[in-house]
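Dear colleague,

I am passing on the structure below, together with an account of what I found when going through it. Please look it over with the notes beside you.

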Amino acid sequence: PLLRAPLRSGLEAAGYVVDEADNGRDAHFLGDTEAFDAVILDMIMPEMNGKDCFAALQQIRQGVRVILSSGFTQEEDLKLMLSNGLSGFVRKPYQNAELSRILALVINS
C-alpha cells in the first residue's frame with residue numbers, strides 16, 4: 001500500500017479513476033477487464049510477477065492494454081513482452097507526469 005499510494009494519488013490528480021490490487025495474482029482477477037482502459041504492472045510484485053500477470057491478463061482479454069513500470073527488468077523479458085503486445089514501458093524512478101503521458105498515449109492509441 002505504501003508503494004502504490006503515490007502512484008494512485010498522482011493518477012487521480014491527473015483525472016484517472018484508479019482501482020488497485022494487492023499483488024500480481026489479484027491483479028489478473030480484478031473481474032471484467034473490459035471495464036479498464038489500461039493496466040499498470042510492476043515487474044516485481046508479490047505472488048505473481050509482472051511478466052506472468054501480463055500473460056494471464058492476455059488470456060482473459062487478448063489486446064488488453066498493459067503498461068509495465070519497473071527498475072528491474074531484464075532487456076530480453078521486456079523485448080518479449082513488447083513483441084507479445086505490451087502497450088508501454090516506463091522505467092523507475094519516474095515522474096508522475098511521465099507515467100501520465102504514457103498512459104494517455106496508450107489509452108488513446
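In this predicted model, Gln-58 is buried, because its relative accessible area is 14% and the cut-off for burial is under 20%. Gln-58 belongs to helix 3, which covers residues 50–60, and its side chain reaches the backbone oxygen of Asn-84 at a distance of 2.5 Å. If neighbours within four places in sequence are left aside, the residues in contact with Gln-58 are Val-64, Asn-84 and Gly-85.

Helix 3 itself lies across strand 1 and strand 2, and it runs at about 150 degrees to strand 1. These strands belong to an open sheet of three strands, which are ordered 1-2-3 and paired in parallel. Strand 1 (39–42) and strand 3 (88–91) stand at the edges with a single partner strand each, so one side of each has no neighbour in the sheet. On average, and with direction ignored, neighbouring strands of this sheet are turned by 25 degrees against each other.

It may help to go through the pairings one by one. Strand 1 and strand 2 run parallel and are joined by four bridges, and within this pairing Val-39 stands opposite Val-66 of strand 2. Between these two strands the chain passes through helix 3, and the resulting β-α-β crossover is right-handed. Strand 2, which comprises residues 66–70, is likewise joined to strand 3 by four bridges, and these two strands also run parallel. On the strand 3 side, Gly-88 is the bridge partner of Ile-67, Phe-89 stands opposite Leu-68, and Val-90 is the bridge partner of Ser-69. Here too the connection is a right-handed β-α-β unit, made of strand 2, helix 4 (residues 75–83) and strand 3.

How are the faces of these strands covered? As background, side chains in a regular strand alternate between the two faces of the sheet. In strand 2 both faces are covered, since the buried residues include Val-66, Leu-68 and Ser-70 on one side and Ile-67 and Ser-69 on the other; put as a count, five of the five residues of strand 2 are buried. Strand 3, by contrast, has a covered face formed by Gly-88 and Val-90, while its other face, with Phe-89 and Arg-91, is uncovered.

Helix 5 (residues 96–107) also packs on the sheet, where it touches strand 1, strand 2 and strand 3, and its direction makes about 175 degrees with that of strand 3. One residue of helix 5 that I looked at in more detail is Ser-100. Is Ser-100 buried or exposed? Ser-100 is buried, because its relative accessible area of 17% falls under the 20% limit. Apart from neighbours within four places in sequence, Ser-100 is in contact with Ala-14 and Tyr-16.

Turning to helix 1 (residues 4–13), its buried residues are Arg-4, Gly-10 and Leu-11. Seen down the axis of helix 1, these buried residues fall within an arc of 135 degrees, and they therefore line one face of the helix. What they pack against is strand 1 and helix 5. Just after helix 1 comes Gly-15, which takes a positive phi of about 100 degrees.

Finally, there are two places where the backbone deserves a second look. Most residues other than glycine have a negative phi, and most peptide bonds are trans. Glu-47, however, has a positive phi of about 70 degrees although it is not a glycine. Glu-47 is located in the loop between strand 1 and helix 3, and it counts as exposed because its relative accessibility is 56%, where the cut-off is over 50%. The other place is the peptide bond from Lys-92 to Pro-93, which is cis, with omega near -5 degrees. Pro-93 lies in the loop that connects strand 3 and helix 5.

With best regards

Notes:
Residues numbered from 1 in each chain as written. Predicted model: local features only at pLDDT ≥ 70, side-chain atom pairs only at ≥ 80, totals over all residues. Heavy atoms only, no water. Buried < 20%, exposed > 50% of the residue type's maximum accessible area, 1.4 Å probe, protein only. Polar contact = N/O pair within 3.5 Å; in protein donor to acceptor, adjacent residues only side chain to side chain. Contact = heavy atoms within 4.5 Å. Pairing = 2+ DSSP bridges. Axes fitted to C-alpha atoms, helices over the stretch in contact; angles between N-to-C directions. Right-handed = clockwise from strand over helix to strand, strands pointing away. Arc of directions from axis to C-beta.
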